[in-house]
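Thanks for sharing this one. Here are a few friendly notes to read with the structure open beside you.

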Amino acid sequence: MFIQAVTILILLLVTRIYAVLSKPSPKPRRRNDGETCVLAVFLGSGGHTSEGLMLTSSLDFSRYSQRIYIVSEGDTLSWNKAISLERSKTTRSSAIPGSDGSQGDYKIVSVPRARRVHQAMWTVLPTFLHSVSACIHLVTIAPLLRRDSFGTPFADLLILNGPGTCVTLCAAVVVNKLLGLPHPKMIYVESYARVQSLSLSGKILRYFVDRFLVQWPTLLSGSGREECHGCLV
C-alpha cells in the first residue's frame with residue numbers, strides 16, 4: 001500500500017513537471033507608459049558580472065524600478081560594481097545595500113554559491129542544496145511573508161548569465177511554477193565568450209527559462225530554443 005501511494009505521488013509529480021515545462025510561455029503583457037517593472041539580475045562574478053551590468057546599464061532605470069542585484073556570497077567586487085552602476089545612473093542613491101528594499105530604487109542580496117572555486121565535484125551536492133534552499137527562501141518564501149506585496153513575485157523579470165548559481169536560482173523559480181505561485185519571467189543570456197559551445201549552465205537552463213539568448217549564430221541548434229540577436233554586450 002505504501003509503495004503504491006509513493007508511486008502515485010511520483011507519477012503526479014512527473015505529470016505536473018511535464019505540464020509546467022512543456023507549456024509554452026505566454027507573451028508578456030505590454031505595460032502602460034509609466035508602469036514600472038521589478039528587475040532582478042544575477043551577477044556571477046568576473047566577466048559574468050561585467051556582462052550582467054552592461055545589459056542592465058542599457059535599460060531605462062525609470063521603467064525598471066526596483067532593481068535587485070543578486071551576487072554570490074563573498075563576492076564583494078560584484079557588490080561594489082553594482083553600487084557604482086547605480087551611482088553613475090542616478091543622482092539619488094538612497095538604497096541601503098542588503099536592506100529589505102523598503103527604501104531606494106535598488107537593493108543587493110547575496111546567496112550561497114552552488115559550487116565554490118576549485119571545489120571537488122564529489123563535495124558539491126551539500127553546497128548545491130544549501131544554495132537551492134537560500135534561493136527558494138529569496139524567490140518563494142520571502143515574497144509570501146511580505147504583507148505589502150503578498151501574491152506578487154519577488155521580481156517581474158530575472159536575467160541570468162553565467163555560473164552554477166544560475167541553476168539554483170532557476171530551480172527556485174521552477175518550484176514556484178510547480179506550486180502555482182507567482183514567478184518572474186526568466187531570460188538567460190549566454191556569455192559573449194561562448195562561441196562554439198554552450199556553457200554547462202546554458203545546456204541545463206535552456207530547457208527551463210522563458211527565453212534563451214546566445215550572442216553568436218554558431219550556437220543556434222535548430223531546435224528553436226535559442227535566439228540570436230547579435231552581440232548584446
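The points below go from the overall fold to one helix and then to a cavity beside it.

1. Please keep in mind that this is a predicted model. The protein has six helices and seven strands, and along the sequence they run α-β-α-β-α-β-α-β-α-β-α-β-β.

2. Of the 233 residues in the protein, 38% are buried. Among contacts with a separation of 6 or more, 63% join residues 24 or more positions apart.

3. Helix α4 is worth a look: it covers residues 124–145, 22 residues in total. From first C-alpha to last it reaches 30 Å, close to the 32 Å expected at 1.5 Å a residue. Along the way, α4 bends by about 40° at histidine 137.

4. Which residues of α4 are buried? They are Val124, Thr127, Ser131, Val132, Cys135, Leu138, Val139, Thr140 and Pro143. The cover over these buried residues includes β2 (67–72), β3 (106–111) and α5 (165–179).

5. You will find one cavity of 30 Å³ or more in the structure, with a volume of about 60 Å³. Its lining is made up of Val139, Thr140, Pro143, Leu144, Gly151, Thr152, Pro153, Asn176, Leu181 and Pro182.

6. Where does the largest share of that lining come from? Helix α4 supplies it, with four residues. Val139, Thr140 and Pro143 appear in the lining and are also buried residues of α4.

7. As for the character of the cavity lining, six of its residues are nonpolar and four are polar, with no charged residue.

Key: Residues numbered from 1 in each chain as written. Predicted model: local features only at pLDDT ≥ 70, side-chain atom pairs only at ≥ 80, totals over all residues. Heavy atoms only, no water. Helix = DSSP H or I, 4+ residues; strand = E, 2+ residues; numbered from the N terminus. Expected span 1.5 Å × (residues − 1). Bend = angle between axes of the 7 residues up to and from the residue. Buried < 20%, exposed > 50% of the residue type's maximum accessible area, 1.4 Å probe, protein only. Contact = heavy atoms within 4.5 Å. 1 Å grid on protein atoms, 1.4 Å probe; cavity = no way out; pocket = protein on both sides within 12 Å on 5 of 7 lines; lining within 4 Å. Points joined across faces, edges and corners; volume = space filled by probe spheres on them. Nonpolar A, V, L, I, M, F, W, Y, C, P; charged D, E, K, R; others polar.
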